[in-house]
Amino acid sequence: MDELTNRLSSTDPAISLRAVGALHRLAERVEACAVAQARDQGWTWEQIGAALGVTRQSAHTKHGK
């Protein structure tokens, strides 16, 4: 985590932007796993959307299969 913090605070935009991209990709993977777990436990798309701060339609469009 220290390495990531260093990269995010780098004065070189290329380094800090790559770190931001890595964080976005990680957040997407974590979100997908959490949504799958919620669906496995019977959560509705409305509940998932509310927890994510989006509409149920947005949650379903992004994660529904």
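Here is a short selection-by-selection tour of the structure above. The model is predicted, so local features need pLDDT of at least 70 and side-chain atom pairs count only at pLDDT 80 or more, while totals for chains, interfaces and linings use all residues. Residues are numbered from 1 along each chain as its sequence is written, and side-chain values use heavy atoms, with hydrogens and water left out.

Start by selecting Val35, Ala38, Trp45, Ile48 and Ala59: these five residues are the largest nonpolar core (buried Ala, Val, Leu, Ile, Met, Phe, Trp, Tyr and Cys residues joined through side-chain atoms within 4.5 Å; buried is under 20% relative accessible area, exposed over 50%, partly exposed in between, with a 1.4 Å probe and protein chains only). Now color α2 (13-40) and α3 (45-52), which each supply at least two residues of this core; helices here are DSSP runs of H or I, at least four residues, numbered from the N terminus.

Zoom in on Ala38. Leaving out residues up to four places away in sequence, Ala38 touches Trp43 and Ile48 (contact means heavy atoms within 4.5 Å).

Stay on helix α2 and pick Ser16. Ser16 counts as buried because its relative accessibility is 13%. With the same sequence neighbors set aside, up to four places away, Ser16 touches Arg7, Leu8 and Ser10.

Next stop, Leu8 in helix α1 (residues 2-8). Leu8 is partly exposed, since its relative accessible area is 34%.

Finish by adding Val20, Leu23, Leu26 and Val30 to Leu8: together they make a nonpolar surface patch of about 360 Å². Helix α2 gives the largest share of that patch, four residues. Patch members have over 30% relative accessible area and no salt bridge (a side-chain nitrogen of Lys or Arg within 4 Å of a carboxyl oxygen of Asp or Glu), with nonpolar side chains joined within 5 Å; areas come from the Shrake-Rupley method with a 1.4 Å probe.

Terms used
Patch = residues over 30% accessible without salt bridge, like charges linked within 9 Å, V, L, I, M, F, W, Y side chains within 5 Å.
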